[in-house]
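Me: I'd like a close look at a single part of this one, and then a walk outwards from there. Keep it informal, please.

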Amino acid sequence: MNTLLQALVSGLSIGSTYALVALGFSVVYRGSRVINFAQGAMVLAGAYLVSWLALDHGVPFIAAIVLAIAVVATGGMLFDATILRRLTAKDINSSVIITLALSIGLAAVIEICFGTTQRELGDPWGADTVSVGAVSLPASRVWGIGISILVAAAFVLLDRGTRFGLAMRASASDEEAALAVGVPVWRVRSLTWAIAGVLAVIGGVFLTAYPSSVTPTVSSAALAAFPALILGGLDSPSGALLGGVVIGIVQVLAGTYQPTWLGDNFDTVAPYAVMIVILLVRPYGLLGTRPAERI
Amino acid sequence: MSATFEAENLSLAFGKVVPFEGVSFSVDAGEIFAIIGPNGAGKTSLFNTLSRVYQPQTGTLRLEGRDLLRSRPRDLAALGVARTFQNLSLFAHMSVLENVLVGRHHLMRSGPLAAGAWFGRTRREEREHGFKAQEALELLRIADLADTPVSALPYGQQKRVELARAITMEPSVLLLDEPVAGVASQERAAMAQVIRDVHRSSGVTILLVEHDMNMVMSAADRVMVLDFGKVIALGTPPEIQADPAVVNAYLGKAAS
């Protein structure tokens with residue numbers, strides 16, 4: 001029973017980080033129908049920037065995060081404005097290749113600068129743990145849950161409570177019509193990339209804080225957010241959040257209870273297996289919108 | 001009445017192809033002004049110029065004295081120009097009400113920061129915009145469809161949604177690109193009636209480009225006829241129907 005409770009709480013904590021990364025995918029998709037395969041690399045860049053600033057330059061941790069957010073968000077907006085928009089104006093499908101290229105390029109640059117060895121993040125939590133009853137979590141993970149909830153709430157407020165949410169969906173749906181009703185399509189798109197940058201850095205921080213560390217493989221951990229996104233429904237922010245939590249819990253449960261005949265690392269595969277099962281039942285994800293069809 | 005939407009000496013050329021040239025007209029405030037012409041007369045090119053999709057080579061275009069040729073398409077909404085599209089441009093993944101609400105976007109004050117600080121005001125604003133959108137739906141007689149996904153509606157109803165979206169923008173001039181194109185002939189009279197209703201209740205100036213002669217003659221205050229890119233007649237519907245140049249353009253010269 002305690003093992004189960006521990007697994008659920010750990011899963012929730014990891015899942016809340018996945019949820020942030022998945023939300024980053026979702027917001028760009030909703031603003032421009034682009035699936036940003038570079039989101040994982042942006043997570044990686046964010047984590048390395050924070051670690052580099054905090055450890056190599058003695059910048060206070062919070063300031064390092066703020067600076068990294070500024071760099072990654074600005075970089076995302078510039079990438080969209082100077083490259084992606086021009087190259088996808090004719091064909092949205094080419095965005096797959098272009099964002100993959102950014103992902104590979106960014107990972108290569110990071111490896112050139114920092115090598116492949118593990119780094120510490122430079123967070124103030126260290127190896128502290130918080131215990132309640134029989135359940136214990138690293139302090140960083142507790143913070144991760146709290147910050148994720150705050151960030152997600154801020155996003156929902158922005159999406160539902162302001163004209164931005166409607167503008168974002170309108171821009172993605174029909175650019176010409178959105179312009180005609182006065183939606184500043186390009187500014188909306190830039191804002192979605194900036195938000196994706198913010199989410200990538202915060203996600204990166206909590207994916208690499210103790211007990212994890214900053215390594216190039218973090219971008220593949222960030223890819224776990226992908227089944228979360230698909231499972232929740234590509235165009236649904238709440239789906240991305242729900243999907244993230246589900247994937248986190250599935251992964252930890254699979255890691256805890258995997259039978260030996262499945263071999264090691266079944267927990268890496270489990271999210272995708274769950275995604276496939278859910279898509280068989282609900283092809284547009286848990287909370288995705290089914291396109292209306294006229295019969 | 002004072003002129004509100006004025007075009008002077010507008011000409012458009014794509015290389016050697018000249019869709020229209022030397023087009024001048026002025027639409028009075030509160031008027032329904034129609035532009036008609038046979039196929040290939042340049043109607044659609046002219047409409048796309050008026051709606052700032054094409055940049056004309058010569059001429060001026062003013063709304064209430066302001067130069068529209070200097071503004072970008074996305075600024076038109078704020079300047080008071082709303083438009084519909086010949087082949088519809090709706091937001092397919094949204095409900096009818098949401099589609100219309102987007103039309104209020106440029107009137108919404110609450111930006112991301114204001115929303116956090118003044119959540120009360122945001123709520124009030126949201127209610128007001130929702131109310132206005134609902135009003136537009138009632139005017140177009142589609143209020144019962146508010147929550148229906150827009151892509152599930154038949155074409156004629158979608159045209160009404162688009163018109164509702166344009167009207168809820170509270171424009172000073174409404175540009176309609178072939179409002180009955182593709183609409184079944186039985187529904188055309190109803191659409192013409194809806195346009196007149198919109199006009200009567202809001203007093204908005206309407207400029208429409210249309211192919212359907214009956215619709216134009218029953219709805220418009222004044223009609224401008226375009227043939228081979230030139231204005232050949234301008235007047236009230238009875239004047240136009242009696243104009244020999246118009247009869248020639250549509251029916252060909254009578255054999256003598």
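Where is Leu223(A) found?

Reply: Bear in mind that this is a predicted model. Leu223(A) sits in the loop that runs between α9 (218-222) and α10 (225-232) of chain A. As for how covered the residue is, Leu223(A) has a relative accessibility of 37%, so it counts as partly exposed. Chain A also brings Ile247(A) into the picture: Leu223(A) and Ile247(A) are 24 residues apart along the sequence, and their C-alpha atoms are 11 Å apart in space.

Go back along the chain to the loop on the other side of α9. That loop, between α8 (185-208) and α9 of chain A, holds Pro211(A). The peptide bond joining Tyr210(A) to Pro211(A) is cis, with omega at about 10°.

Now for the start of chain A. Helix α1 (residues 2-32) has 31 residues and reaches 45 Å from its first C-alpha to its last, close to the 45 Å expected at 1.5 Å a residue. Of those 31 residues in α1(A), 23 are buried, so the helix is largely enclosed by the rest of the structure. Right after α1(A) comes Arg33(A), which has a positive phi, near 60°.

Chain A has a partner, so let's cross over. The contact draws 25 residues from chain A and 34 residues from chain B. Between them, the two chains bury about 2600 Å², with 63% of that on carbon and sulfur atoms. On the chain B side, Arg74(B), His93(B) and His105(B) are the trio to look at: they supply 26% of the area that chain B buries against chain A, more than any other three residues.

What about charged and polar pairings? The rule finds 1 salt bridge across the interface of chain B and chain A. In that salt bridge, the side chain of Arg169(A) meets the side chain of Glu98(B), at 3.1 Å from N to O. As for polar contacts, the count between the two chains is 4 residue pairs, with both residues at pLDDT 80 or more. On chain B, helices α3 (96-102), α4 (112-117), α5 (119-139) and α6 (155-167) each supply at least two residues of the side that touches chain A. Sorted by type, the residues on that side of chain B come out as 19 nonpolar, 10 polar and 5 charged.

One of those helices, α6 of chain B, is also the place of Gly156(B). Gly156(B) is buried, at a relative accessible area of 10%. To relate this glycine to the trio above, take Arg74(B): Gly156(B) and Arg74(B) are 82 residues apart in sequence and 27 Å apart in space, C-alpha to C-alpha.

Finally, chain B has a couple of backbone details to look up while you have the model open. Arg52(B), in the loop between α1 (43-50) and β4 (58-63) of chain B, is not a glycine, but its phi is positive, near 70°. With a relative accessibility of 8%, Arg52(B) counts as buried, because the cut-off is under 20%. Glu178(B), which isn't a glycine either, has a positive phi of about 45°. You'll find Glu178(B) in the loop between β7 (173-177) and α7 (185-202) of chain B, and it is buried, at a relative accessible area of 9%.

Methods
Residues numbered from 1 in each chain as written. Chains lettered and ligands numbered in written order. Heavy atoms only, no water. Contact = heavy atoms within 4.5 Å. Buried area = accessible area lost by both parts, 1.4 Å probe. Salt bridge = Lys/Arg side-chain N within 4 Å of Asp/Glu carboxyl O. Polar contact = N/O pair within 3.5 Å; in protein donor to acceptor, adjacent residues only side chain to side chain. Helix = DSSP H or I, 4+ residues; strand = E, 2+ residues; numbered from the N terminus. Nonpolar A, V, L, I, M, F, W, Y, C, P; charged D, E, K, R; others polar. Expected span 1.5 Å × (residues − 1). Buried < 20%, exposed > 50% of the residue type's maximum accessible area, 1.4 Å probe, protein only.
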